[in-house]
Amino acid sequence: MTSSFTKNKSVLDWIEDKIDLVKPDKIVWIDGSKEQVEALRAEGCETGEMIKLNQELLPECYLHRTAVNDVARVEGRTFICAPTKDEAGPTNNWMDPDEAYKMLYDIARDSYKGRTMYVIPYSMGPVGSPFSKIGIELTDSIYVVLNMVIMTRTGVKVLEALGDSDDWVRGLHCKCQIDPEKRYICQFPQDNTIISVNSGYGGNVLLGKKCFALRIASYQGKMEGWQAEHMLILGVEDPTGKVRYICAAFPSACGKTNLAMLIPPESYRKKGYKVWTVGDDISWIRKGPDGRLYAINPENGFFGVAPGTNDKSNPNALASTRQGTIFTNVAHDLDTNTVWWEGLDKNPPTNAIDWTGKPWNGKESTEKGANPNSRFTAPAVNCPCISSEFENPDGVPISAIVFGGRRAKLAPLVYQSRDWNHGVFVGSVMASETTAAAAGAVGVVRRDPMAMLPFCGYNMADYWQHWIDIGKTLEKDKAPKIFNVNWFRKDDEGNFMWPGFGDNLRVLEWILKRCEDKVDADETPIGYVPKAEDINLEGIEDKVTIDDLNAMLDVSKDLWKEETDGIEEFYGKFGDRIPKELAAELDTLKNNLK
Ligand code: OXD
Ligand code: MN
């Protein structure tokens, strides 16, 4: 095969092979031009795949509805196809690579007949950055192309940066019949390959995101000495203009996008504090020339959950969606040709189409207008608080790493690990209690180490070892300090004790002071906990008293003893693959609780 876009033999051979397999009628290379995007939007509208929204109120914005059986990532049908089951580990689904290729090729064979193959060259990270990695996704979906154009850097410039290198991630997406019984999202970390069939929904088909930037990249990072993490990156600017950066990992439904785009409380704004967003979902982290850890956000947009986003909960996210955005599975207000979702405002449209495509009157219907997992795909540049360092090819230096989860009684508002290895332990035992938002029982503890449970491309115990090994390469005063936060502590009546949202900056302030040794702390069995008077309550004294704060900072030995049983059980799944450093941390915790 030849092409005017590249002479890279590994690229051309692979595409030729896939053309033979799926048999498209036509091949279109995505060149990254505005004209091509415009033409694809128009074509998507002609086929009904995309709906053009009110261009005065929402310029360059479109709506898409997926099949009703295809509205979320499917962890049960996501596989790590490593050579052996042990390499995938006990927390991943595993399939033998040869069997997986055969099965997937049988499903994909001839599936592009009568359709177009779009070839998307994309870069995760700024093109040419030493952090960045290149992928090529083949897809038969215009929706996927238009989303990838927002979420990644695409086009000719990517092929130029690749040159004749073989170091790129192969991605094949086939919509097929959107048959949920034949839906598979397969990662082959050893082959830099992703194959996704029978889905048209975001996380399953925008292959640069979870499949590449986390599952494949976590394995690449292990082999190459860096880290791919499910972490937001934010910068806190203090009144002197100094900006310090924090990476934070939380399981789904813990407010990651909200924290990444936090608006400081009024008293902080008056003093000159600002928060800058570098990323809301994924961090790629590596050591810089000065020995500190630096992070980039490999993405170029936000694929955020729409419901609950409004001008109080997250005005920056909402503002990001006002231009050049694709909405997926939200309600369509026919009177204004705009979009609506639960929690946007108290004024649902009465003449609308719901996310399933049926007529919907938001004032009368008991059904939801938007799917609970409906999304916006918004360009990062739209975000009013996007960091000036967003495009910095060298990333931003990380002062603190923050883990967190939803724990009603157990974890204090914030605590600091004693050192790097203890911090890795804290991340490895991360857990969240289930909420009513998900199916199943409420309040059940789900372990989600580093928020990577569904995203780690290899054995999680080896992943922890990789964390430990990275720590060994860092000088003590250069390593980020590691913390755990819990915004979700409840009192005996079941009320949240901490106001959250912008007030979380009060906790970040304490964290950054600890990083610079500017504030003392109390040593407890689980790590360092703030003295209540060191958390600034100015402006919220009527909502949170010192007594409340003391209650939120309390560490109950009894509850933590119960917790160690759960940790032991979880660690047990990994047998003797558990790093000895983490086994020692668990012993230390148990001793501290005696
Ligand atoms: C996401 C997720 O969509 O983590 O970012 O589920
Ligand atoms: Mn995520």
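Lys-23 sits in the loop that runs between helix H1 (9-22) and strand E1 (26-29). In this predicted model, the backbone there does something a little unusual: Lys-23 has a positive phi of about 55 degrees, although it is not a glycine. For background, most residues other than glycine have a negative phi. With a relative accessible area of 38%, Lys-23 is partly exposed. Asp-517 shows the feature too, with a positive phi of about 55 degrees and, again, no glycine to account for it. Asp-517 is found in the loop between helix H14 (504-515) and strand E30 (522-524). Its relative accessibility is 71%, so Asp-517 counts as exposed.

On to the metal. The manganese ion (ligand 2) picks up its donors from Lys-210 (NZ), His-230 (NE2) and Asp-281 (OD), at 2.1 to 2.2 Å. Written along the sequence, the spacing of these donor residues is K-x19-H-x50-D. Lys-210 belongs to helix H8 (residues 208-224), while Asp-281 is in the loop between strand E15 (274-279) and strand E16 (283-287), so this pair ties together parts that are 71 residues apart in sequence. Lys-210 and Asp-281 are both buried. Anyone wondering about an incomplete-looking site should keep in mind that water is not among the atoms. Two of the donor residues turn up again in the charge pairing: Lys-210 and Asp-281 are part of a network of salt bridges that also takes in Lys-209, Lys-256 and Glu-299.

Next come the domains. The domain assignment splits the chain into domain 1 (9-49 + 75-225), domain 2 (229-299 + 390-592) and domain 3 (301-382). How far apart are the C-alpha centres of domain 2 and domain 3? The distance comes out at 30 Å. Where the two meet, 9 residues of domain 2 are in contact with 8 residues of domain 3. As a general point, the size of an interface is often given as the accessible area lost when the parts come together. For domain 2 and domain 3, the area buried between them is about 790 Å², with 64% of it on carbon and sulfur atoms. On the domain 2 side, Met-261, Ile-263 and Asp-280 supply 49% of the area buried against domain 3, more than any other three residues. As for polar chemistry, 3 residue pairs are in polar contact between domain 2 and domain 3, counting pairs with both residues at pLDDT 80 or more. Salt bridges across this interface number 0.

The picture changes when the search covers the whole structure, where 42 salt bridges are found. One of them joins Arg-446 and Glu-75, with the closest N and O atoms 3.2 Å apart. Arg-446 is in strand E28 (residues 445-447) and Glu-75 in the loop between strand E3 (62-64) and strand E4 (78-80), so the pair ties together parts that are 371 residues apart in sequence. Are the partners buried or exposed, or somewhere in between? Arg-446 counts as partly exposed, at 36% relative accessibility, and Glu-75 is partly exposed as well, at 34%. Arg-446 has a further partner in Asp-448, and their side chains meet in a salt bridge at 3.8 Å, N to O. Unlike Arg-446, which is partly exposed, Asp-448 is buried, with a relative accessible area of 3%.

Another salt bridge brings Arg-418 together with Glu-585, the closest N and O atoms being 3.5 Å apart. This pair also links distant parts of the chain, 167 residues apart: Arg-418 is in the loop between strand E26 (414-416) and helix H12 (420-428), and Glu-585 is in helix H17 (residues 580-592). Arg-418 is partly exposed, with a relative accessible area of 25%. Glu-585, at 12% relative accessibility, counts as buried.

That leaves Asp-469, which lies in helix H13 (residues 460-472). At 31% relative accessibility, Asp-469 counts as partly exposed. Measuring C-alpha to C-alpha, Asp-469 and Tyr-458 are 16 Å apart in space, and 11 residues separate them in sequence.

Definitions and conventions. Residues numbered from 1 in each chain as written. Chains lettered and ligands numbered in written order. Predicted model: local features only at pLDDT ≥ 70, side-chain atom pairs only at ≥ 80, totals over all residues. Heavy atoms only, no water. Donors = N, O, S within 2.8 Å, 3.2 Å for Na, K, Ca; no water. Helix = DSSP H or I, 4+ residues; strand = E, 2+ residues; numbered from the N terminus. Buried < 20%, exposed > 50% of the residue type's maximum accessible area, 1.4 Å probe, protein only. Domains from an automatic or database assignment. Contact = heavy atoms within 4.5 Å. Buried area = accessible area lost by both parts, 1.4 Å probe. Salt bridge = Lys/Arg side-chain N within 4 Å of Asp/Glu carboxyl O. Polar contact = N/O pair within 3.5 Å; in protein donor to acceptor, adjacent residues only side chain to side chain.
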